[in-house]
Amino acid sequence: MKIRVNRDVLADAVAWAARVLPSRPVVPVLSGLLLGADEELSLSAFDYDVSAQARIEADVAEQGQVLIPGRLLAEISRSLPAEDVEIVTEGQEAVLTCGSAEFGLITMPVEDFPTMPTMPPSIGAIGGGVFASAVGQVAPASSRDDTLPMLTGIRVDIEGESVTMAATDRYRIAARDLTWRPATPDVAVSAMVPARVLVDVAKTLRGGEVAVALGDGVAGFESVGRSTTVRLLDEQFIDYRTRLTADWSIRADVPVTAFVNAIKRVALVAERNTAIRLSFSQGHVRIQAGGGDIGRGSEVVECELRGDDIQIAFQSQFLLDGLTGIETDLARLNMESPTRAALIQDVPGDGQPSFRYLVMSLRLG
């Protein structure tokens, strides 16, 4: 193989593909990036669960494939001078030259690299910005506990032009409704995608339109020459919709920015996993925390309250995760009693809320 490629383009593609490389590969070849040169240059990584492939323009003098240690290639490529990069295979080495810099990297056997999964059929497309926003809103509610795989995923329910993403860790539920462009108008599918993978995909493919593909136990995402596949989780999931549609006797509308900033300030004196207390009355909400060995804090923010006065408490980070998912100026807190969960949603005027976040309350001490 012999190619010449732009240094910045190469460094960007290598960094993108290398992000899925396992930190402790079960076999050495999984630490490698597979470079393939035909009409362009492809860079592929695969750990049996997640695959990533980037295709970039390159001047290909000799076609071929080479398997290079991925993290090392990423470090070298981003540190090279601003000149074109030449990569040539010579025996057991891949010789990388850029200006006066030259590296001879020991290659791994290409034949030992696992076969990359095939991208499943596309079922539709969505704007990268909308996709990233929706994933960012629901992902904080997913669990990091791998002993319960269902809770580590994001449920994606698709019906025609409507998509709902949802996640839960048993203490809160986040859901976001959005529209997309389906490949067929009658598409109706559901999938459980690992949250960490979906977050990573959303961040890195937010620049253009994202094609979404689903197959037998595999999901795929593709945009601007980059593609990722991931093995799906078990489809079992809670009936989240019924839990987000309860009747609420108390409703408070608060300005998001002022409310979030006040909670962050007051939380500075809250000990780990202690409650943030919210006291709602007509015209304002008082945010309080502390009172132990560290100190105490209190701040008042205006609000519009409908229903009885109420005092309710939440874990501060759980509360902030819900509020930072709100994209409107006002957030609505729907409450029933201090001992029941509350529903945080956006305030879209006369329309339906697109983001809903149910969070458990804490016992008031």
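**View 1. Nine strands form an open sheet in the order β15-β11-β12-β13-β27-β26-β25-β19-β23, with antiparallel pairing.** Its edge strands are β15 (188-194) and β23 (304-306), and each of them pairs on one side only. From one strand to the next, the twist averages 15°. Strands are said to pair here if DSSP finds at least two bridges between them. Helices (H or I, at least four residues) and strands (E, at least two) are DSSP runs, numbered from the N terminus. This is a predicted model, in which local features need pLDDT of at least 70 and side-chain atom pairs count only at pLDDT 80 or more, while totals for chains, interfaces and linings use all residues. Residues are numbered from 1 along each chain as its sequence is written, and side-chain values use heavy atoms, with hydrogens and water left out.

**View 2. Here we zoom in on the β15 edge, where β11 (residues 153-159) pairs with β15 in the antiparallel sense over seven bridges.** If you look for Ile154, you will find that its bridge partner in β15 is Val193. Helix α3 packs on the sheet and touches β11, β12 (162-168), β13 (172-179) and β27 (355-359). The direction of α3 makes about 165° with that of β13. Helix α4 (residues 195-204) lies across β11 and β15, running at about 95° to β15. Contact means heavy atoms within 4.5 Å; axes are lines fitted to C-alpha atoms, for helices over the stretch in contact, and angles run from 0 to 180 degrees between N-to-C directions.

**View 3. Another open sheet of nine strands follows the order β6-β2-β3-β4-β18-β17-β16-β10-β14, again with antiparallel pairing.** At its edges are β6 (64-69) and β14 (181-182), each pairing on one side only. Four bridges join the antiparallel strands β2 (residues 32-37) and β3 (residues 41-46). Within β2 and β3, Gly36 stands opposite Ser42.

**View 4. Two helices lie across strands of this sheet, and α2 (residues 70-79) is the one across β2 and β6.** Helix α2 runs at about 90° to β6. Helix α3 (residues 128-138), already met in View 2, lies across β10 (122-127), β16 (209-214) and β17 (218-223). Its direction is at about 90° to β10.

**View 5. Phe237 and Tyr240 form an edge-to-face aromatic pair.** Their rings are 6.0 Å apart centre to centre, with 65° between the planes. Rings of Phe, Tyr and Trp (its six-membered ring) pair if their centres lie within 6.5 Å; planes under 30 degrees apart count as stacked, over 60 as edge-to-face and the rest as tilted. By this rule the count comes to five aromatic pairs. Both Phe237 and Tyr240 are buried, where buried means under 20% relative accessible area, exposed over 50% and partly exposed in between (1.4 Å probe, protein chains only).

**View 6. Two arginines lie over aromatic faces, with Arg19 over Trp16 and Arg172 over Phe318.** Arg19 is 4.2 Å from the ring centre of Trp16, and Arg172 is 3.9 Å from that of Phe318. A charge sits over a ring if NZ of Lys or CZ of Arg is within 6 Å of the ring centre and within 35 degrees of the ring normal.

**View 7. Cys98 is buried, at 0% relative accessibility.** Cys303 counts as buried because its relative accessible area is 9%. A search of the whole structure finds zero disulfides (pairs of cysteine sulfur atoms within 2.5 Å).
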